[in-house]
Amino acid sequence: MKCTIVGMWGGFPKKNGPTSGYLVEKDGFAILLDAGSGVAAHVQNYIELNKLHHLFLSHYHYDHSVDLGAFLFGRMIGTYIDHADKHLNVYGPKDKSISQQVENTRFNTFHPYDENSAIKAGPFTVTFHKNTHPVETYAMKITDNEGKILVYTADSSYRKSLVKFSENADILITECSHYAGEDAEKLGHMNAEEVALLAEKSGVKKVVLSHLPHYGKVDELLQTVKSAGIEEAVLAETGMEIEV
Ligand SMILES: [Zn+2]
Ligand SMILES: [Zn+2]
């Protein structure tokens with residue numbers, strides 16, 4: 001499978017730089033993980049909206065979900081004018097107002113998931129880990145039909161259960177919201193030292209640092225992780241393609 005990073009900033013977008021959005025593709029089939037600010041516009045650099053039928057939302061903080069409305073209207077209007085032939089399937093934690101928002105916009109369908117769900121979409125199976133974050137939030141594990149594994153942490157504090165969930169991943173896309181020494185735990189996030197620990201203990205093959213902060217020098221996040229002995233680590237960038 002291939003993952004294209006559509007956006008990777010935490011909190012709010014930069015100029016031409018969206019917040020969370022990860023397009024995962026295999027054999028001409030695509031799923032999108034998260035729909036942060038700017039993702040609906042920027043994902044069209046890689047795929048037509050009418051060809052994307054599966055959108056997985058990790059949680060409903062704005063930097064992960066605010067473009068949901070754009071995707072819903074995109075499918076409704078796209079069906080009228082360009083004859084999109086399938087519904088957009090939106091998967092997310094159970095939430096009455098979100099499910100109504102999706103279901104009340106024609107040609108869109110909502111599917112709630114939780115930590116016990118295993119959702120099949122084309123060549124992918126998606127499973128979930130309940131994170132520690134101020135709102136209900138899930139990490140996602142995408143396993144393809146060849147057994148390759150991508151884990152996306154979304155937003156979370158460091159937890160041993162997240163280590164366990166990430167074991168055997170070929171690629172770990174992890175949030176890295178704070179610098180070494182900062183108290184990320186109390187905010188429901190991870191600092192670079194905790195990310196290094198997650199990478200080391202889970203034994204993942206490669207780490208992509210994402211959900212990056214708008215302050216400081218982000219290269220220092222990478223230095224912290226690498227100096228902890230994690231050599232296969234990179235900073236996420238808009239447009240970066242990762243072969244899994
Ligand atoms: Zn976030
Ligand atoms: Zn969040």
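Good morning. I shall begin with His-189, which sits in the loop between strand 11 and helix 6. Please bear in mind throughout that this is a predicted model. His-189 has a relative accessibility of 13% and therefore counts as buried, the limit for that class being under 20%. Its side chain forms a polar contact of 2.9 Å with the side chain of Glu-175. Leaving aside residues up to four places away in sequence, His-189 touches His-133, Asp-155, Ser-156, Ser-157, Tyr-158, Glu-175, Ser-177, His-178, Ala-184, Glu-194 and His-211.

One of those neighbours, Glu-194, leads us to helix 6. Which residues of helix 6, spanning 192-202, are buried? They are Ala-192, Glu-194, Val-195, Ala-196, Leu-198, Ala-199 and Ser-202. As a general point, an α-helix has 3.6 residues a turn, so residues three or four places apart point the same way. The buried residues of helix 6 pack against two helices, helix 5 (160-166) and helix 7 (219-227), and against two strands, strand 11 (171-175) and strand 12 (207-210).

Both ends of helix 6 deserve a remark. At the N-terminal end, Asn-191 acts as the cap, with a side-chain oxygen 2.9 Å from the backbone nitrogen of Glu-193. Just after the helix comes Gly-203, whose phi is positive, at about 70 degrees.

I turn now to the nonpolar cores. The largest of them has 56 residues, and the members that touch the most others are Ile-31, Leu-33, Phe-56, Ile-142, Leu-150 and Leu-209. Which element gives the most to this core? Helix 6 does, with 5 residues. In soluble globular proteins, nonpolar side chains tend to be buried together.

Leu-150 may serve as an example from this core. Not counting residues up to four places away in sequence, Leu-150 is in contact with Met-1, Cys-3, Leu-33, Met-140, Lys-141, Ile-142, Ile-171, Ile-173 and Val-244. Apart from this core lies another, of 21 residues, which includes Val-6, Leu-32, Leu-88 and Ile-98.

Ile-98 takes us to a pair of helices. Helix 3, residues 68-82, packs with helix 4, residues 96-103, at an angle of about 25 degrees, and their axes are 10 Å apart. Why do we call them roughly parallel? Angles under 35 degrees count as roughly parallel, and helix 3 and helix 4 are therefore roughly parallel to each other. On the side of helix 3 the contact is made by Leu-68, Gly-69 and Leu-72, and on the side of helix 4 by Ile-98, Gln-101 and Val-102. Sorted by class, this contact of helix 3 with helix 4 has 4 nonpolar residues, 2 polar residues and no charged ones.

Next, two residues with an unusual sign of phi. The general background is that most residues other than glycine have a negative phi. Phe-107, in the loop between helix 4 and strand 6, is not a glycine, yet its phi is positive, at about 70 degrees. Asp-27 also has a positive phi, near 50 degrees, in a residue other than glycine. Asp-27 is placed in the loop between strand 2 (21-26) and strand 3 (29-33). Are these two residues buried or exposed? Phe-107 is buried, because its relative accessible area is 19%, whereas Asp-27, at 66%, is exposed.

Two further loop residues complete the survey. Ser-117 lies between strand 6 (108-113) and strand 7 (118-121). With a relative accessible area of 18%, Ser-117 is buried. A polar atom of the Ser-117 side chain lies 2.9 Å from the backbone nitrogen of Asp-114. Beyond residues up to four places away in sequence, Ser-117 touches Val-126, Thr-127 and Phe-128. His-129 is 12 residues from Ser-117 along the chain, and their C-alpha atoms are separated by 9.7 Å.

Finally, Lys-14 belongs to the loop between strand 1 (2-7) and strand 2. At 36% relative accessible area, Lys-14 is partly exposed. Which residues does Lys-14 touch, not counting those up to four places away in sequence? They are Trp-9 and His-214. With His-214 there is a polar contact between side chains, at 3.3 Å. Lys-14 and Pro-112, by comparison, are 98 residues apart in sequence and 30 Å apart in space, C-alpha to C-alpha.

That concludes the presentation. Thank you for your attention.

Notes:
Residues numbered from 1 in each chain as written. Chains lettered and ligands numbered in written order. Predicted model: local features only at pLDDT ≥ 70, side-chain atom pairs only at ≥ 80, totals over all residues. Heavy atoms only, no water. Buried < 20%, exposed > 50% of the residue type's maximum accessible area, 1.4 Å probe, protein only. Helix = DSSP H or I, 4+ residues; strand = E, 2+ residues; numbered from the N terminus. Contact = heavy atoms within 4.5 Å. Polar contact = N/O pair within 3.5 Å; in protein donor to acceptor, adjacent residues only side chain to side chain. Core = buried A, V, L, I, M, F, W, Y, C linked by side-chain atoms within 4.5 Å. Axes fitted to C-alpha atoms, helices over the stretch in contact; angles between N-to-C directions. Parallel < 35°, antiparallel > 145°, perpendicular 65-115°, else oblique. Nonpolar A, V, L, I, M, F, W, Y, C, P; charged D, E, K, R; others polar.
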